[in-house]
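Please open the model in your viewer, with the sequence panel beside it, and keep a selection tool at hand. The tour below moves from the overall layout to individual side chains, one selection at a time.

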Amino acid sequence: MAESVNPQRIHALVLAGGMGSRSANPALPKILQKIDVSMDLLQAHLENFLNSEIKRVTFLLGFAAELVTARLEELQKQFDAIEIDWLIEEEQVVTAAPVI
């Protein structure tokens with residue numbers, strides 16, 4: 001019988017370094033694209049983690065990392081139940097390079 005996983009022990013990694021070049025606003029990274037009038041993809045991810053009881057998330061950043069970190073800092077109080085941090089890939093090589 002399989003053991004159930006305690007979501008509070010999961011450390012989620014989010015690949016968030018994409019350029020969003022095919023999106024509605026190519027100047028913004030994918031993670032900051034609006035998915036409705038009041039929410040961007042970053043906030044939606046955090047809402048999902050909060051609802052899933054995942055308590056630790058690391059965002060792996062690349063393109064326009066300074067915009068994403070500013071947004072993460074804005075959202076940290078709202079999502080204070082989640083430990084949020086990030087790593088910045090200075091030179092983008094391949095999609096999964098920050099995980100390797």
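Begin with the cartoon of the whole chain, in which two helices and five strands can be picked out, and bear in mind throughout that this is a predicted model. If you trace the chain along its sequence, the elements follow the pattern β-β-β-α-β-α-β. Colouring by relative accessibility gives a first impression of the interior, since 34% of the 100 residues of the protein count as buried. A contact map adds a view of the topology: among contacts with a separation of 6 or more, 70% are between residues 24 or more positions apart.

**The two helices**

Select residues 41-51, which form helix 1, together with residues 65-75, which form helix 2; the axes of these two helices come within 11 Å and cross at roughly 45°. At that angle helix 1 counts as oblique to helix 2, and the crossing of the two is right-handed. To see the side chains involved, display Leu42, Gln43 and Leu46 of helix 1, which meet Val68, Arg71, Leu72 and Leu75 of helix 2. Sorted by class, the contact between helix 1 and helix 2 consists of five nonpolar residues, one polar residue and one charged residue.

Now keep helix 1 and ask which of its residues are buried. Leu42, Gln43, Ala44, Leu46 and Phe49 of helix 1 are buried, and the elements that cover the buried residues of helix 1 include strand 1 (11-16), strand 2 (34-36), strand 3, strand 4, helix 2 and strand 5.

**The salt bridges**

Next, switch to the charged side chains, among which the count of salt bridges comes to three. Start with arginine 71 and aspartate 40, which form a salt bridge whose closest N and O atoms are 2.7 Å apart. Because arginine 71 belongs to helix 2 and aspartate 40 to strand 3 (residues 39-40), this pair ties together parts that are 31 residues apart in sequence. Both arginine 71 and aspartate 40 are buried.

Without clearing arginine 71, add glutamate 74, which forms a salt bridge with arginine 71 in which the closest N and O atoms are 2.9 Å apart. Here both partners, glutamate 74 and arginine 71, lie in helix 2, three residues apart, or about one turn of the helix. The accessibilities of the two partners can be read one after the other: glutamate 74 counts as exposed because its relative accessibility is 55%, whereas arginine 71, at 17%, counts as buried. Through shared partners, salt bridges join Asp40, Arg71 and Glu74 into one network.

For another salt bridge, move to glutamate 83 and arginine 56, whose side chains meet with an N to O distance of 3.5 Å. Glutamate 83 lies in strand 5 (residues 83-88) and arginine 56 in strand 4 (residues 56-61), so this pair ties together parts that are 27 residues apart in sequence. Glutamate 83 counts as partly exposed at 44% relative accessibility, and arginine 56 counts as partly exposed at 35%.

**Backbone angles in the loops**

With a Ramachandran plot open, keep in mind that most residues other than glycine have a negative phi. Which phi value does glutamate 53 have? Phi of glutamate 53 is positive, near 65°, in a residue other than glycine. To place glutamate 53, look to the loop between helix 1 and strand 4; at 41% relative accessibility, glutamate 53 counts as partly exposed.

Alanine 64 is the next residue to select, for it too is not a glycine and yet has a positive phi of about 50°. Alanine 64 is found in the loop between strand 4 and helix 2, and at 13% relative accessibility it counts as buried.

**The segment after strand 5**

Finish in the segment after strand 5, where glutamate 90 lies. Glutamate 90 is exposed, with a relative accessible area of 74%. A distance label drawn from the C-alpha atom of glutamate 90 to that of alanine 65 should read 9.2 Å, for a pair that is 25 residues apart along the chain.

Key. Residues are numbered from 1 along each chain as its sequence is written. This is a predicted model: local features need pLDDT of at least 70, side-chain atom pairs count only at pLDDT 80 or more; totals for chains, interfaces and linings use all residues. Side-chain values use heavy atoms; hydrogens and water are left out. Axes are lines fitted to C-alpha atoms, for helices over the stretch in contact, and angles run from 0 to 180 degrees between N-to-C directions. Helices (H or I, at least four residues) and strands (E, at least two) are DSSP runs, numbered from the N terminus. Angles under 35 degrees count as roughly parallel, over 145 as roughly antiparallel, 65 to 115 as roughly perpendicular and the rest as oblique. A crossing is left-handed if the near helix is turned anticlockwise from the far one by less than a right angle, and right-handed if clockwise. Contact means heavy atoms within 4.5 Å. Ala, Val, Leu, Ile, Met, Phe, Trp, Tyr, Cys and Pro count as nonpolar, Asp, Glu, Lys and Arg as charged, and the others, Gly among them, as polar. A salt bridge is a side-chain nitrogen of Lys or Arg within 4 Å of a carboxyl oxygen of Asp or Glu. Buried means under 20% relative accessible area, exposed over 50%, partly exposed in between (1.4 Å probe, protein chains only).
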